[in-house]
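Trainee: Could you take me on a close look at the aromatic rings in this model? I would like to see how they pair up and where the partners sit.

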Amino acid sequence: MKKLKVCVYAISKNEGKFVKRFVESMKEADEIYVLDTGSTDDTVKLLKENGVICEEKEIKPWRFDVARNESLKLVPEDTDICVCVDLDEVFESGWRKQLEQIWKENPINRLKYLYHWSFDEYGNPAVTFHISKIHARHGFLWKHPVHEVLTCEEGVVESDFVTNDIVVNHYPDHTKSRGSYLPLLEMSVEEDPSDDRNMHYLGREYMFYQKWDDAIHTLHRHLTLPSATWKDERCASMRFMARCYAKKNYIEEARMWYEKAILEAPYLREGYLELAFLEYEQENYEIAYSYMKQALQIKEKSDSYINEVFAWDYHVYDLLGILAFHLGKYEEAKEAMEKAFHMNPNDKRLSDNFKFIQQYLTK
């Protein structure tokens with residue numbers, strides 16, 4: 001059977017510190033192509049020294065989709081499989097063999113695989129979902145100025161396959177500014193106001209910038225779009241609106257939107273947990289406790305980017321322990337505080353809480 005030609009392609013800017021790890025991870029490919037968009041460090045030099053085919057081109061005005069499409073042009077026409085990555089991403093070894101096997105055994109032109117977007121302080125995956133940046137050489141292009149997505153060209157029918165056997169780990173540079181995201185998202189929504197995904201992202205970005213009214217307005221626009229049917233994302237828009245209302249001290253509105261979020265996606269922990277935090281802040285301990293117990297009945301984390309780290313780490317047991325203590329459920333408080341402490345033993349407050357409840361119960 002013919003050996004498939006697999007090429008990696010990427011864009012880069014001032015990522016010299018990632019080059020060696022990146023190349024080591026991608027060496028299973030036949031060739032690696034990188035379009036550098038204006039590095040002022042040693043990124044280009046290091047890429048070339050490590051065997052990467054690197055070209056330089058500034059994209060003005062900057063758009064991620066244009067940069068991705070320009071980088072894709074570097075990939076030879078006879079390539080069978082294109083693998084789009086960033087320099088801060090790392091494949092777990094053996095990915096090439098798995099990729100070829102899947103591609104040969106299935107009539108596909110695109111592959112969805114496991115992506116660990118973030119990790120906790122102990123190196124465990126915190127947010128994990130599937131992405132699909134592996135595709136056939138022809139019939140695809142990138143769209144949107146930011147949060148760009150791979151789309152089919154006109155007349156091309158997408159045929160994908162989902163696997164958990166290929167895994168990419170993301171180790172971002174947290175010192176890099178995301179200041180360009182907001183204007184690019186505003187541009188994206190202006191270009192295509194019917195795109196529900198970027199409308200949601202724009203509302204979320206306004207929330208990050210503490211533009212509470214802009215966020216509420218935009219997230220509400222997301223919910224009214226006919227294409228906004230994915231319940232997980234709708235739930236997130238509702239939760240974000242609730243957060244904004246809470247920041248404005250409109251507690252009833254915040255409560256209403258959290259309740260709507262729970263009704264929208266009752267299988268997700270996040271709505272219950274965030275409403276529990278809100279009720280706790282209002283000193284409604286019994287109500288908050290009830291929502292916490294409902295949250296804990298949900299045992300499985302969804303495999304989408306919507307996951308919130310705080311819904312699956314020590315925060316859950318931290319709040320449960322405090323609420324149980326307020327309600328006189330001291331043994332349950334001790335058990336929850338112990339779990340929270342063991343999940344994050346370096347946190348002094350969690351340690352102090354656990355010591356306090358131990359001493360309290362021995363009085």
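Mentor: Happy to! A search through the whole structure, which is a predicted model, turns up 17 aromatic pairs. Take F91 and Y113 to begin with: their ring centres are 6.3 Å apart and the planes meet at 35°, so this pair is tilted, as that angle falls between the limits of 30 degrees for stacked and 60 for edge-to-face. The two partners come from distant parts of the chain, with F91 in strand 5 and Y113 in strand 6, 22 residues apart. Both F91 and Y113 are buried.

Now compare F325 and F356. Here the centres lie 5.6 Å apart and the planes are at 65°, so the pair counts as edge-to-face. This pair, too, links distant parts of the chain: F325 belongs to helix 12 (residues 314–326) and F356 to helix 14 (residues 348–361), 31 residues apart. F325 has a relative accessibility of 22%, so it counts as partly exposed. F356 is also partly exposed, with a relative accessible area of 38%.

Rings can join up beyond single pairs as well: Y115, F129, Y201, W230 and Y305 are linked into a cluster by ring pairs.

While you are looking at rings, check their charged neighbours. The charged end of R68 sits over the ring of W142, 5.8 Å from the ring's centre. R269 lies over the face of W312, and there the distance to the ring centre is 3.9 Å.

Note on methods: Residues are numbered from 1 along each chain as its sequence is written. This is a predicted model: local features need pLDDT of at least 70, side-chain atom pairs count only at pLDDT 80 or more; totals for chains, interfaces and linings use all residues. Side-chain values use heavy atoms; hydrogens and water are left out. Rings of Phe, Tyr and Trp (its six-membered ring) pair if their centres lie within 6.5 Å; planes under 30 degrees apart count as stacked, over 60 as edge-to-face and the rest as tilted. Helices (H or I, at least four residues) and strands (E, at least two) are DSSP runs, numbered from the N terminus. Buried means under 20% relative accessible area, exposed over 50%, partly exposed in between (1.4 Å probe, protein chains only). A charge sits over a ring if NZ of Lys or CZ of Arg is within 6 Å of the ring centre and within 35 degrees of the ring normal.
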